Amino acid sequence: MTIEQKIQQSETRIFKAVFPNTTNHYDTLFGGTAMALMDEVAFICATRFARKRMVTVSSDKIDFTKPIPAGTIIELIGRVIHTGKTSVRVLVEIYIEEMYSFEREKAISGSFTLVAVDENKRPVSIL
């Protein structure tokens with residue numbers, strides 16, 4: 001399988017409903033919750049790409065461009081955007097969908113770098 005095929009097959013999409021227990025005092029999705037969900041999607045995407053034990057080593061700039069209100073549906077999409085010898089960088093985007101309309105807009109984007117490790121937590125090749 002080519003790297004391009006692996007990238008395509010590892011794209012990860014997860015949908016969540018934004019309930020009040022995940023919101024802040026402004027009734028919007030808490031930023032820390034959004035970041036945790038993004039890291040989870042990045043981990044799943046990287047694992048599906050490499051099929052190795054993966055650990056997050058960094059998160060790059062995360063842009064919160066739209067607040068995500070309670071009572072909406074979010075879709076998180078993770079895609080591998082760069083591969084190294086032992087690491088991958090995954091772009092994660094969060095889209096807001098109104099529950100009762102077809103409106104959809106991007107709210108958050110950021111990238112995460114994950115490294116493949118062996119049972120002794122030493123980096124291993126992903127290719």
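Visitor: Which residues does Val55 touch, once residues up to four places away in sequence are not counted?

Guide: Leaving those sequence neighbours out, Val55 touches Thr113, Leu114, Val115 and Val117. Please keep in mind, as we go on, that this is a predicted model. Val55 belongs to strand 2, while Leu114, one of the residues that Val55 touches, is found in strand 5. The C-alpha atoms of Val55 and Thr113 are separated by 8.5 Å, although these residues are 58 residues apart along the chain.

Visitor: How should I read accessibility, and is Val55 buried, partly exposed or exposed?

Guide: The reading rests on two cut-offs, with buried meaning under 20% relative accessible area and exposed meaning over 50%. Val55 has a relative accessible area of 36%, and therefore it is partly exposed. Leu114, on the other hand, has a relative accessible area of 0%, so it is buried.

Visitor: Which residues is Leu114 in contact with, leaving aside its neighbours within four places in sequence?

Guide: The list for Leu114 includes Ala42, Phe43 and Ala46, then Met54, Val55, Thr56 and Val57, and also Thr86, Ser87, Val88 and Val90. Ser58 can be looked at through a distance instead, for the C-alpha atoms of Leu114 and Ser58 are separated by 7.2 Å, with their positions 56 residues apart along the chain.

Visitor: May we step back to the whole chain, and what pattern does the protein follow when it is read along the sequence?

Guide: The pattern is α-β-α-β-β-β-β, and the secondary structure comes to two helices and five strands. The C-alpha trace spans about 45 × 30 × 20 Å along its principal axes. Of the 127 residues, 38% count as buried, and the protein exposes about 7500 Å², of which carbon and sulfur atoms supply 54%. If you take the contacts between residues at least 6 apart in sequence, 70% of them join residues at least 24 apart.

Visitor: Where else can I see residues that are apart in sequence, and how far apart in space are Gly71 and Glu97?

Guide: Gly71 and Glu97 are 26 residues apart in sequence, and their C-alpha atoms are 9.7 Å apart in space. Gly71 is found in the loop between strand 2 and strand 3, and it counts as partly exposed because its relative accessibility is 39%. With its neighbours within four places in sequence left aside, Gly71 is in contact with Val18 and Met99. Another pair to look at is Gln5 and Phe49, which are 44 residues apart along the chain, with C-alpha atoms separated by 9.5 Å. Gln5 is found in helix 1, and at 40% relative accessibility Gln5 counts as partly exposed.

Visitor: I should like to understand backbone angles too; what sign of phi do most residues other than glycine have?

Guide: The general idea is that most residues other than glycine have a negative phi. Against that background, Asp27 has a positive phi of about 65 degrees, although it is not a glycine. Asp27 is placed in the loop between strand 1 and helix 2, and it counts as partly exposed because its relative accessibility is 45%. Arg51 is not a glycine either, and its phi is positive at about 55 degrees. Arg51 is found in the loop between helix 2 and strand 2, and its relative accessible area of 64% is why Arg51 is exposed.

Visitor: Is Asp118 buried or exposed, and where does Asp118 lie?

Guide: Asp118 lies in the segment after strand 5, and at 16% relative accessibility it counts as buried, because the cut-off for buried is under 20%. Residues up to four places away in sequence aside, Asp118 touches Arg53 and Val124.

Visitor: What about rings and charges, and how many aromatic pairs does a search of the whole structure find?

Guide: The search finds zero aromatic pairs. Rings may also be examined together with charges, and here the charged end of Lys6 sits over the ring of Phe49, 4.7 Å from its centre. Arg104 lies over the face of Tyr95, at 4.4 Å from the ring centre. For the charges of the whole protein, there are 16 positive and 15 negative side chains, and the centres of the two sets lie 9 Å apart.

Notes: Residues numbered from 1 in each chain as written. Predicted model: local features only at pLDDT ≥ 70, side-chain atom pairs only at ≥ 80, totals over all residues. Heavy atoms only, no water. Helix = DSSP H or I, 4+ residues; strand = E, 2+ residues; numbered from the N terminus. Buried < 20%, exposed > 50% of the residue type's maximum accessible area, 1.4 Å probe, protein only. Contact = heavy atoms within 4.5 Å. Phe/Tyr/Trp six-rings, centres within 6.5 Å; stacked < 30°, edge-to-face > 60°. Lys NZ or Arg CZ within 6 Å of the ring centre and 35° of its normal. Areas by Shrake-Rupley, 256 points an atom, 1.4 Å probe, with all protein chains shown as cover. Lys, Arg positive; Asp, Glu negative; His and termini not counted. Charge placed at Lys NZ, Arg CZ, Asp CG, Glu CD.
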